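Reader: Please choose one part of this model and take me through it closely, from the packing of its residues to the elements around them. I would like each term to be given with its cut-offs as you go.

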Amino acid sequence: MFVAGRSHIGLVRKTNEDEYYCDGRGRFIIVADGIGGHQNGHIASRMAVNELHWFIEENIDRPPEDLLAEGFKKANKKVHSYQEEQTDGGLMGTTLTAFIIRDGKYYLGHLGDSRAYIMHPGKIVEQISEDHTFLAELAQLDEDVRQTMLANRISNPKNTLMRAIGPEATCTPQISSGDLSPGDVLLLLTDGMYRYTTLEEMSEVIAYTDDLEEVALRFEQLALERGARDNLTIVLYREEGGGKPCKMF
């Protein structure tokens, strides 16, 4: 399999507000994390993933950047309209992160603090999404904060989310792209998953096997062993033609 996904409620929460989608043909993958503490987070994440999934599916021949930009706007409108009509003034929202894969390139759409990563064979996992959080935005202005965040690879669970799908009438997602080589692995993780592991540990797990379903299971087991106080979800894609991975450590 060159795509795989896995989600777990975790050890504390009563509902799973994460949602994901793996296209079986390897054309795109999506993850979302309903905003904890807000009304209907599980509805928001499911609604956003479904809206983006069907928009991409129905318009797959359009340029990927356009698909992501318009798809995120449609997802935001869907969730925001539900918030306005159904929640009696309450807030609801979700993160949303997606890869479209086409012709040896990846195209990333992202809003919130779920994360997108890439791992090249034999190298360390690299984060390619921007965290839309208070500390991440502060780090752009304060070098000391930036260095502290770099040194602390495991996420701070008290960091505040600043941007998401749904709470506002409009949204401005990160849209970016890059080249893919055979054997490259793309990852989408919610904060309940990446909070419990480092980039080095991620790299070691991925390098251990070429079975993405086993990789997803190992990520889940690691988070559960360390307490998993939040929902945790991982979605993976491997660019074909890379052969067997080699152990790094």
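Author: Apart from its neighbours within four places in sequence, Ile165 is in contact with Ala48, Phe72, Ala75, Asn76, Val79, Met92, Gly93, Thr94, Leu96, Leu111 and Cys171, where contact stands for heavy atoms within 4.5 Å. The model is a predicted one, in which local features need pLDDT of at least 70 and side-chain atom pairs count only at pLDDT 80 or more, while totals for chains, interfaces and linings use all residues. Residues are numbered from 1 along each chain as its sequence is written, and side-chain values use heavy atoms, with hydrogens and water left out.

Ile165 and Leu96 touch the most other members of the largest nonpolar core, which has 25 residues; such a core is a set of buried Ala, Val, Leu, Ile, Met, Phe, Trp, Tyr and Cys residues joined through side-chain atoms within 4.5 Å. Buried here means under 20% relative accessible area, exposed means over 50%, and partly exposed lies in between, with a 1.4 Å probe and protein chains only. Two or more residues of this core come from each of strand 3, helix 1, helix 2, strand 4 and strand 5, the helices (H or I, at least four residues) and strands (E, at least two) being DSSP runs numbered from the N terminus. Helix 1 gives the largest share, with eight residues. A second core, separate from this one, holds 24 residues, among them Val125, Ala207, Ile234 and Leu236.

The strands named above belong to an open sheet of five, ordered 2-3-4-5-8 and paired in the antiparallel sense; two strands pair if DSSP finds at least two bridges between them. Strand 2 (18-22) and strand 8 (174-179) each have a single partner strand and stand at the edges, so one side of each lacks a neighbour in the sheet. From one strand to the next, the twist averages 10°.

Going through the sheet, strand 3 (residues 28-33) and strand 4 (residues 96-102) run antiparallel and are joined by four bridges, with Phe28 opposite Ile100 of strand 4. Helix 1 (residues 41-58) lies across strand 2, strand 3 and strand 4, and runs at about 160° to strand 3, where axes are lines fitted to C-alpha atoms, for helices over the stretch in contact, and angles run from 0 to 180 degrees between N-to-C directions. Helix 2 (residues 64-86) also packs on the sheet, where it touches strand 4, strand 5 (105-111) and strand 8, and its direction makes about 155° with that of strand 4.

Strand 4 pairs with strand 5 over seven antiparallel bridges, and here Ile100 has Tyr107 of strand 5 opposite. These two strands form a hairpin with two residues between them. Asp103 lies in the loop that joins them and has a phi near 55°, a positive value in a residue other than glycine. Most residues other than glycine have a negative phi. Asp103 counts as exposed because its relative accessibility is 73%. Strand 5, by contrast, is mostly covered, with six of its seven residues buried. Strand 5 is also joined to strand 8 by six bridges in the antiparallel sense, and there Leu108 has Ser176 as its bridge partner.

Phe28, already met opposite Ile100, takes part in one more kind of pairing. The whole structure has three aromatic pairs, counted when ring centres of Phe, Tyr and Trp (its six-membered ring) lie within 6.5 Å, with planes under 30 degrees apart called stacked, over 60 edge-to-face and the rest tilted. One of these, Phe2 with Tyr237, is edge-to-face, at 6.3 Å centre to centre and 85° between the planes. This pair links parts of the chain 235 residues apart, Phe2 in the segment before strand 1 (3-8) and Tyr237 in strand 10. Another pair is Tyr21 with Phe28, which is stacked, with 5.6 Å between centres and 25° between planes. Phe28 is buried at 0% relative accessibility, whereas Tyr21, at 22%, is partly exposed.
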